[in-house]
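Biologist: Please take a close look at a single part of this assembly, one chain, and set its overall build beside that of its partner.

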Amino acid sequence: MAGKVKWVTDIEKSVLINNFEKRGWVQVTESEDWNFYWMSVQTIRNVFSVETGYRLSDDQIVNHFPNHYELTRKDLMVKNIKRYRKELEKEGSPLAEKDENGKYLYLDFVPVTYMLPADYNLFVEEFRKSPSSTWIMKPCGKAQGKGIFLINKLSQIKKWSRDSKTSSFVSQSTKEAYVISLYINNPLLIGGRKFDLRLYVLVSTYRPLRCYMYKLGFCRFCTVKYTPSTSELDNMFVHLTNVAIQKHGEDYNHIHGGKWTVSNLRLYLESTRGREVTSKLFDEIHWIIVQSLKAVAPVMNNDKHCFECYGYDIIIDDKLKPWLIEVNASPSLTSSTANDRILKYNLINDTLNIAVPNGEIPDCKWNKAPPKEVLGNYEILYDEELAQGDGADRELRSRSGQTPGPKGGRSRDTGRTVLTTWK
Amino acid sequence: MKCHRPRVGPGRPFSSCWRPVPAAWRARAGEMLQEESDLSLLIAQIVQKLKGSNLYAQLERQAWASLQRPEIRLESLKEDIKEFFKISGWEKKLQNAVYSELNVYPLPSHPAAPPEHLKEPLVYMRKAQGSWEKRILKSLNSMCTELSIPLARKRPVGQQKELLNKWNEMGTDEPDLSLFRPVYAPKDFLEVLINLRNPNYENGDSLSFRTHLGLIQVPLKVKDIPELKECFVELGLNIGQLGIDDSTQVPPEFFENEHVRIGQKVLAEQDSAAAQQYIRQGSPTALRAELWALILNISSQPEDLLYYEQLKTNVIQHDLLVDSLIYKDVKLTASNDDYYFVFEDYLYQVLLCFSRDTSVLGHFAYNSASPPKSYIRGKLGLEEYAVFYPPNGVIPFHGFSMYVAPLCFLYHEPYKLYQTFREMYVRFFFRLHSISSHPSGIVSLCLLFETLLQTYLPQLFYHLREIGAQPLRISFKWMVRAFSGYLATDQLLLLWDRILGYNSLEVLAVLAAAVFAFRAVNLMEVTSLAAAEAVLADLSTLKVMPLLQIFLFATVT
């Protein structure tokens with residue numbers, strides 16, 4: 001039995017540190033020999049950068065993939081998904097089927113998005129098709145709702161058009177790049193309030209794709225009643241669900257933090273809308289997560305030293321269609337309420353159990369297939385190896401009445417993929 | 001329904017035809033005649049009630065309209081119309097209405113019994129309820145005077161407009177509520193119950209193993225476990241239950257699928273009685289909203305929406321002191337609850353309208369409580385100037401809004417939510433905060449709880465009593481709120497399924513005892529009331545049905 005795992009982190013959060021300490025791991029500094037490094041996204045850039053990077057040895061594991069930004073930057077995510085769709089269309093895959101309006105039947109899960117200033121003209125064309133629509137502007141590299149605003153008039157984003165005309169050959173620094181997406185102005189409301197879903201997805205390898213979904217996701221509610229009224233477009237408390245924003249609202253409550261568990265959501269939807277549509281919704285949510293991962297898998301540097309726990313943000317519209325808004329590489333580990341702290345502590349615990357088996361010094365050559373017992377609150381979302389090993393092609397999206405979607409934590413898991421019955 | 005009217009009065013069965021008849025026959029015949037006369041009384045009462053209802057008017061209209069139909073012939077008019085009603089589903093609606101009345105109204109005791117007896121047959125209970133009401137009213141009036149706020153006032157037009165605009169988000173209103181206190185909290189009520197005594201009952205000074213060691217000291221009859229097993233037979237170990245047999249380890253083919261299928265059939269038949277029987281094994285989530293509506297005999301007609309809108313108008317036009325009490329209660333309880341905070345605004349919409357709903361006054365016929373009376377200013381004591389305050393006669397207490405909160409998971413249209421809550425209140429919830437001898441009344445529930453604990457967990461009971469932690473002091477608040485806010489919502493709904501299914505609140509007392517039984521090991525180690533409270537502070541992880549099942553069917557009796 002080798003020595004104790006040596007850990008480093010540059011994110012001082014108790015939910016992390018408590019988990020390391022309870023495993024009896026030893027804290028070291030970056031310059032020493034370490035086995036496990038929970039790093040911020042800045043650090044991972046350094047580790048894998050051409051100039052300052054260094055090789056990781058076999059007994060070192062880090063919590064990010066080198067080019068995670070292919071998924072976690074808003075503009076790159078959209079680019080990769082668009083590319084993926086085109087590829088599937090080219091090879092004639094039934095997944096890329098479109099309806100009579102030219103919309104993808106199964107792969108239309110990201111709101112129409114353009115990069116600014118690069119796609120400005122394309123955007124204007126789209127905008128003019130439905131001039132009463134609202135669009136949301138998001139800076140590519142920021143988080144926590146910073147810098148986001150809504151527009152419903154072209155004049156509000158003149159700045160990007162001017163830049164685009166005059167400096168089409170000047171590369172924009174990443175700070176100024178924005179994406180503009182069609183704003184979902186018909187979100188599903190509960191109690192009259194808008195909410196989004198935060199789901200945690202752990203990826204241990206991209207090729208073959210192996211990912212796990214944390215059963216205990218949550219909904220983040222706005223403190224203010226939702227209104228699509230144009231007079232309230234500036235009121236971020238109405239539109240943005242980020243806790244970082246909401247917690248400054250007057251009505252923010254520190255006991256529940258404006259959060260609901262996903263099982264509450266499920267109970268509410270089943271009770272008010274019925275079982276079938278609710279199961280369909282949750283199946284679709286799993287589908288879009290897996291598709292997004294498949295979209296970036298080919299371009300992802302599948303470094304064997306890496307795993308990653310993503311925070312997926314999903315919005316459900318009033319037709320019960322889920323939309324992927326973004327994927328976060330560094331989901332917040334700050335706890336806003338007591339329940340939150342427990343949830344995040346358990347999240348890290350279960351993540352570590354899967355990423356660092358038995359809590360022992362890792363060997364990155366292992367097969368990354370943990371036994372069922374260590375999954376904790378994770379469920380297998382998609383396991384490419386198992387799915388392919390099943391032999392005959394399965395039906396595309398078989399939704400038999402017996403489809404075992406997660407039902408508040410239920411899973412008829414016999415070690416095979418259960419949440420997906422399609423490949 | 002045929003009714004046979006005996007031509008002799010009760011109590012004098014065979015006086016007019018004296019024959020040597022065996023005593024047993026005579027007794028049995030006497031019973032039957034008594035039952036017959038009870039039945040005819042009951043039928044008369046139900047017919048009386050239904051005559052004033054909307055259903056009656058609809059049936060009449062349908063009957064008239066049916067005359068146009070070819071199958072209705074003059075020679076057999078009565079039979080044909082009856083047949084038509086059967087086929088078109090109107091007979092089923094009538095059946096459901098009758099069934100509803102049977103569930104809600106107590107059986108008539110004696111034709112000569114005064115109306116108070118329907119409210120509460122025991123004098124000392126009536127008196128206790130009366131003095132409790134006086135105290136509440138005094139508290140309300142003094143708050144009124146202290147704060148110089150009228151009990152009711154008409155809102156100025158400007159304020160009316162404002163409130164109308166804010167109707168869907170009253171939660172954002174932040175009136176200064178710091179000076180308002182809840183009129184009473186459950187623990188105040190508990191003290192009153194503890195001091196209840198039957199003046200006719202003297203059980204002697206000597207303690208024996210029969211002595212009741214709990215806080216409630218009135219001699220009401222409560223069931224023991226064998227009787228409860230008979231009563232709740234559908235919760236038995238051999239019978240499928242939602243809340244147990246739909247868990248992850250059990251394949252749905254065993255029970256769940258079939259149960260769902262039957263539920264859909266029950267809904268298709270629109271049969272209240274069948275639904276009530278069905279729901280004893282729990283309701284599938286997707287069917288629950290409809291099943292509850294069927295059992296409570298709520299059909300959402302346009303008239304109901306109009307009625308709700310009318311109540312809303314009343315709220316807009318007049319401001320009541322109890323409104324502030326409601327605000328405060330919601331802010332203190334539901335707004336801070338992990339499950340229900342989302343629905344805060346619905347709670348105002350329901351409770352403010354509820355206070356103004358005078359149809360609720362009807363339930364005081366069988367509630368031991370009476371609505372508080374107030375007099376128009378300057379006309380104190382003059383009956384012509386008496387009004388009920390609040391208009392529905394119900395003064396909310398701390399935690400009242402939690403009766404409504406769980407329903408928000410089922411209904412998202414305010415008027416449906418409102419109807420369901422109102423019906424649940426006049427059938428069940430009122431019993432949890434009025435003093436009566438009814439088996440589902442809070443006094444009986446407390447006694448049932450304590451007796452179960454003392455009989456089947458004597459060591460635990462004795463230990464807790466010794467350390468000054470009388471179990472009822474902890475479980476009282478659970479029962480008064482029907483466990484709302486203490487259990488996870490999905491578990492709470494499974495529990496309320498059974499309340500509806502058995503038309504009784506006794507399951508609350510049984511669950512409370514089962515919770516103590518479940519945590520008995522930890523409770524045996526505590527040495528203070530505070531520590532005992534801590535052990536029982538968090539019930540949100542409990543699974544209700546296994547607890548009930550084990551306690552009832554797997555406890556050594």
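Modeller: Of the 423 residues of chain A, 56% count as buried, a value computed from a predicted model. Being buried here requires a relative accessible area under 20%. The secondary structure of chain A consists of 12 helices and 16 strands. Its contacts can be sorted by sequence separation: among those in chain A with a separation of 6 or more, 71% are accounted for by residues 24 or more positions apart. As for the surface, chain A exposes about 18,700 Å², and carbon and sulfur atoms supply 51% of that area.

The partner may be described in the corresponding terms. Chain B holds 24 helices and 4 strands. Of its 557 residues, 51% count as buried. Where contacts in chain B link residues at least 6 apart in sequence, 77% of them join residues at least 24 apart. The exposed area of chain B is about 26,900 Å², with 56% of it supplied by carbon and sulfur atoms.

For chain B, the overall dimensions can be added. Its C-alpha atoms fill a box of roughly 75 × 70 × 60 Å along the principal axes. The radius of gyration of chain B is 26 Å, which agrees with a compact globule, because a globule of 557 residues would have a value near 24 Å. Charge completes the account of chain B: the mean position of its 57 positive charges and that of its 60 negative charges are 6 Å apart.

Conventions
Residues numbered from 1 in each chain as written. Chains lettered and ligands numbered in written order. Predicted model: local features only at pLDDT ≥ 70, side-chain atom pairs only at ≥ 80, totals over all residues. Heavy atoms only, no water. Helix = DSSP H or I, 4+ residues; strand = E, 2+ residues; numbered from the N terminus. Rg over C-alpha atoms; globule rule 2.2 N^0.38 Å. Buried < 20%, exposed > 50% of the residue type's maximum accessible area, 1.4 Å probe, protein only. Contact = heavy atoms within 4.5 Å. Areas by Shrake-Rupley, 256 points an atom, 1.4 Å probe, with all protein chains shown as cover. Lys, Arg positive; Asp, Glu negative; His and termini not counted. Charge placed at Lys NZ, Arg CZ, Asp CG, Glu CD.
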